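This briefing sets out the main architectural features of the protein displayed below. Points are grouped by topic for reference alongside the sequence and coordinates.

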Amino acid sequence: MGFEPPQRLARTLGERYGDGAVAEWIGRLPTLAGQAAARRGLEVERVVAPGGMSSLMVLVRRPDGSPATLKIAPPFAAPELQRAALAHWKGWGAEELLDPAGTADDALLLERLHPELSLRSLPEAKALLEAAGTARRLWVEPPEGHRFETVADRTARQAAELRAAAAADESVAQLVPAALETREELCATATETLLLHGAFRQGKVLAGDRAPWLAVGPDPLVGERAYDLARLARDRAEDLVAAASGPSSARRRITRLADSLDLDAERVRGWTRYRSVESAMRALRAGRRQAGEVLLEFASWL
């Protein structure tokens, strides 16, 4: 199976895991995709471009002619945890996993959605309403004996990198310590251990045929629901930063989201502040200065 791996995939994986670790996998991607398709008896239609930012998406036909999507993620991105989450949801609020038992590879066979149509195509108020309804379906008790990491564990790993970043950059010397303090307070007082999407935002909810909107691409973990809303709360941050009413609009958005899902707005605000700062520092380290500065300004409003 010959194709040129999407550039966005190589770039974003390289930023997160390092170019060295990613280059070898990217080089083998056409072979891996061909083998995964052949193993399942799939007819390949085309590679989705620009596609996802953490995996290759290939539109395929199953042996019975029905459409599906073959998703191939690198082993260091823990695709087995994504499989476990999707299998547990069983298509409730999320894309359906069509081969829950799996095969001898890291590929996932998923129901065909409409990758060109996400919640970002809707007006903001409607998008947030649909997103809240989708998120509500995903927040369930995790499976017994699961291997998902907790919010506390994931953010603890990030905290060490944030402290190092703050020591090296005086411009974030106030925001980073405040975000870390907020993170410690939230972890110490959390009471929920539900299965979370982990990367939930408007672009991760696509139009489907079985249901109007379904979540895709989880980075699953367990913890409190407020953590899962934090990424959604800053969607379209660049538009807010460009508007004179940005600070007040951002705070109202968080309050509306929390109220619509019966959550504590202060906890949603706290996790949004922390996750915005953490994402901003990753963007700055990757050389995406504009994106990082937008997120830091957004965080400063909360």
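## Surroundings of Q82 and helix α3

Beyond residues up to four places away in sequence, Q82 touches K71, L108, G217, P218 and P220. Q82 belongs to helix α3 and is buried, with a relative accessible area of 10%. The model is a predicted one, and the points below describe its sheet, its helices, its nonpolar cores and two loop residues.

- Helix α3 comprises residues 79-89 and lies across β3 and β4.
- The helix runs at about 30 degrees to β4.
- Among the contacts of Q82 is K71, a residue that stands opposite M57 in the pairing of β2 with β3.

**The four-stranded sheet**

- Four strands form an open sheet in the order β1-β2-β3-β4, and their pairing is antiparallel.
- The edges are taken by β1 (43-47) and β4 (107-111); each has a single partner strand, so one side of each is left without a neighbour in the sheet.
- From one strand to the next, the twist averages 30 degrees.
- In general, the strands of a sheet pair through backbone hydrogen bonds, in either a parallel or an antiparallel sense.

**Strand pairs and their registers**

- The pairing of β1 with β2 is antiparallel and extends over four bridges; here R46 has L59 of β2 as its bridge partner.
- Strand β2 (residues 56-61) pairs with strand β3 (residues 67-72) in the antiparallel sense over six bridges.
- Within this pair, M57 stands opposite K71 of β3, and V58 has L70 of β3 as its bridge partner.
- The hairpin of β2 and β3 has five residues between the strands, and G65 in this hairpin adopts a positive phi near 90 degrees.
- Strands β3 and β4 run antiparallel and are joined by five bridges; A68 stands opposite E111 of β4.

**Burial of the strands**

- Which strand has five of its six residues buried? That strand is β2, which is mostly covered.
- Why is β4 described as largely enclosed by the rest of the structure? Five of the five residues of β4 are buried, so the rest of the structure largely encloses this strand.
- Strand β4 therefore combines an edge position, with a single partner strand and one side left without a neighbour in the sheet, with burial of five of its five residues.

**Helix α10**

- Helix α10 covers residues 265-285, a length of 21 residues; at 1.5 Å a residue it should span 30 Å, and its end C-alpha atoms are 30 Å apart, which agrees.
- Of the 21 residues of α10, 18 are buried, so the helix is largely enclosed by the rest of the structure.
- At the start of the helix, a side-chain oxygen of D264 comes within 2.8 Å of the backbone nitrogen of E266.
- Just after the helix, G287 has a positive phi of about 85 degrees.

**Nonpolar cores**

- The largest nonpolar core contains 67 residues, and those with the most contacts inside it are W139, V176, F200, L229, W271 and M281.
- Helix α10 gives the most to this core, contributing eight residues.
- F200 touches A131, T134, A135, L138, V205, A215, D228, R231 and L232, residues up to four places away in sequence not being counted.
- A second, separate core has 20 residues, including L9, L42, V58 and A107.
- V58 of this second core is the residue whose bridge partner in β3 is L70.

**Non-glycine residues with positive phi**

- K90 has a positive phi of about 55 degrees although it is not a glycine. The residue is found in the loop between α3 and β4.
- Is K90 buried or exposed? At 71% relative accessibility, K90 counts as exposed.
- R236 is also a residue other than glycine with a positive phi, here near 60 degrees. Its place is in the loop between α7 (225-233) and α8 (237-242).
- Is R236 buried or exposed? With a relative accessibility of 13%, R236 counts as buried.

Definitions and conventions: Residues numbered from 1 in each chain as written. Predicted model: local features only at pLDDT ≥ 70, side-chain atom pairs only at ≥ 80, totals over all residues. Heavy atoms only, no water. Pairing = 2+ DSSP bridges. Helix = DSSP H or I, 4+ residues; strand = E, 2+ residues; numbered from the N terminus. Axes fitted to C-alpha atoms, helices over the stretch in contact; angles between N-to-C directions. Contact = heavy atoms within 4.5 Å. Buried < 20%, exposed > 50% of the residue type's maximum accessible area, 1.4 Å probe, protein only. Expected span 1.5 Å × (residues − 1). Polar contact = N/O pair within 3.5 Å; in protein donor to acceptor, adjacent residues only side chain to side chain. Core = buried A, V, L, I, M, F, W, Y, C linked by side-chain atoms within 4.5 Å.
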